[in-house]
Amino acid sequence: MIINGTEIEETFAEAFGMSATRIIITAIDAKWARIAGETMTGFATSVIGCGVEAGIETELSPEQTPDGRHGVSVLLFAMSGKALAKQLETRVGQCVLTCPTTAVFSGMQGEKQMPLGKNLRFFGDGYQISKQIGANRYWRVPVMDGEFLCEERVARTGAVGGGNFLVLANHQQQALTACEKAIVEMRKLPNVIMPFPGGIVRSGSKVGSKYKGLMASTNDAYCPTLRGLVNSNLDNDIGAVMEIVINGLTDEDVRLATRTGISAVCELGAAGGIKRISAGNYGGKLGQFHFHLREVMA
Amino acid sequence: MSMPTLKLRAPLNRRIDMSPFIPELIADKSADEIARIPVWLGNRQVDTGELFEISGNPSEVLLIQSESDKLDMIGAAMKQGSILVEGNAGAYLGCAMAGGEIRVTGDTGTAAGCAMRAGDLAVEGNAGDFLGGALTGERQGMRGGRISVQGDSGDRAGDLMRRGTILIGGNTGDYCASRMVAGTIIAIGQCGRHTGTAMRRGTLITSNKPASLPATFNSNGIHSLSFLTLLRQQVATLAGFSGLTEMGVEVERWVGDLSCDGKGEILIWQS
């Protein structure tokens, strides 16, 4: 399959089942809502080292938030509900509770619930106030700029993490430009995040390492500077490879994001230096979800 | 198909205990079966059919038509279904109610919604004393659910209230939120004297400063509280309370009662 001169490789992305949740952070203005969202989703690129993968899903207008203020919705993904709950509580406690003017609410409904403000309330040292409004319980925690309002519980759901595609280009700048273009389009979609810096990964990894205890190491088959040393997957004209990793609430969300991203990249096509689109997998034995690139783009 | 309807035949000179007529107990009963249910009239029992004209078919919705204020315990301990009272209700309306919905187009007597646990109780007229209060001898009043009164309420609304929401569209009597343990009361009109006496926790929100507050309440200043937005969105959809959409989030806050824990709050909307 070739789109606009760019080859779509006959391969697939391998993704995993994860637990995910969505929270809504609001603040006095869009700037402070984004600051809170960016802070709590910092150091959340990969569960391997960060415990959680998280990102800002979208910015919300006052009409879209529970308390009528500017906000952001944040998606968090972890390998288990327990790990997700721990990371959520830590990050909201350290990054949202501390951020001026913020409030935090559940962003999804569901039967599986976990604490949001249930334990954070104890920061109020006995002066916290519970408010049952409709079917939901909220906590008003006194803080130095007024009150931190947070919903007691948030739902979690099964999700898909680790969808991906690789952009193989002649030069580094061409790969980066193409990935940036893809990210702009993909961020318009609901229910997905691209958790790496700016949505783009330059250090794709393979499982294992020559060093004991290291779970992952550089994806040598896609490193241009290792061509000729290892069993490389790169032709001589490939100067740089960048990867976009996609986490979504459903496999359909990941599929749509993959298609949207690759389509955006292929608009630049061979003329833009984009030679090939590939994907990362582990032979199909580890992840439950397989996204075959040619099927996705058909 | 029409809902089961109990229409009072004649004015009463004694009070009636209406607690047998809740949806879960009569939902599968025909009009004849309902007519044979014994009810206490003063110190003697009579068949329901002697006091009420009964019509309609089995349903989880019950209609009571009465201008009497002597029909006590309507909807007491009900868990599901609906009761519509066209006219007035007596004392203990929705007492210990644990679910379902009651709507009264007229007034209700004392202790409406007392010991209520869940459900929705709406009164289009006025309510008596001890709205959402406690049963005599009990230490907790209303423990959940929502009461809305479009008119005025009597004294001690929310006395010993533990959880839930009470909305009062008109004025409240004296000792509103007295001995309140938790929960939320919104009183749009004027609150009477001694509001918040012995209030331990909980929130009373009102449009005007009460006629008097205990000396054991302290001023806490003017604050913008964002939970009011959520509360306003929730209750402004109720009949008679659409005016709440105009209310902002800025309030004058009083905290107390410092004679007993002192973690209650009285919020006065700043218009």
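Begin by selecting A:Gly273 in this predicted model, a residue that counts as buried because 23 C-beta neighbours lie inside 10 Å, where the cut-off for burial is 20 or more. With the backbone drawn as a ribbon, the place of A:Gly273 is found in the loop between α5 (251-268) and β17 (274-278) of chain A. Which residues is A:Gly273 in contact with, leaving aside its neighbours within four places in sequence? Add A:Ala169, A:Asn170, A:His171 and A:Gln174 to the selection, since these are the contacts in question. For a sense of distance, pick A:Gly81 as well: A:Gly81 and A:Gly273 are 192 residues apart in sequence, and their C-alpha atoms are 42 Å apart in space.

One of those contacts, A:Gln174, leads on to the next selection, helix α4 of chain A, residues 172-186. This helix has 15 residues and reaches 21 Å from its first C-alpha to its last, close to the 21 Å expected at 1.5 Å a residue. Show the side chains of A:Gln174, A:Ala175, A:Ala178, A:Cys179, A:Ala182 and A:Met186, which are the buried residues of α4(A). They cover an arc of only 125° around the axis, and therefore they sit on the same side of α4(A). An α-helix has 3.6 residues a turn, so residues three or four places apart point the same way. Now turn the view to the face of α4(A) that points away from the buried side, where the exposed residues A:Gln173 and A:Val184 are carried. Returning to the buried residues of α4(A), display what they pack against, namely β12 (157-169), β13 (192-193), β16 (240-248), α5 and β17 of chain A.

Move next to chain B and select the twelve residues that are in contact with 14 residues of chain A. On this side of chain B, the elements that give two or more residues are β15 (218-224) and α4 (227-235), and α4(B) gives the most, with five residues. Coloured by class, the side of chain B that touches chain A shows four nonpolar, six polar and two charged residues.

Finally, zoom out to the whole of chain B, whose secondary structure comes to four helices and 17 strands. Colour residues 1-72 as domain 1 and 98-269 as domain 2; the centres of these two domains of chain B, taken over C-alpha atoms, are separated by 32 Å. Along the principal axes, the C-alpha atoms of chain B fill a box of roughly 60 × 35 × 25 Å, and buried residues make up 51% of its 271 residues.

Technical notes:
Residues numbered from 1 in each chain as written. Chains lettered and ligands numbered in written order. Predicted model: local features only at pLDDT ≥ 70, side-chain atom pairs only at ≥ 80, totals over all residues. Buried ≥ 20, exposed ≤ 12 C-beta atoms within 10 Å, placed from the backbone. Domains from an automatic or database assignment. Contact = placed C-beta atoms within 7 Å. Nonpolar A, V, L, I, M, F, W, Y, C, P; charged D, E, K, R; others polar. Expected span 1.5 Å × (residues − 1). Arc of directions from axis to C-beta.
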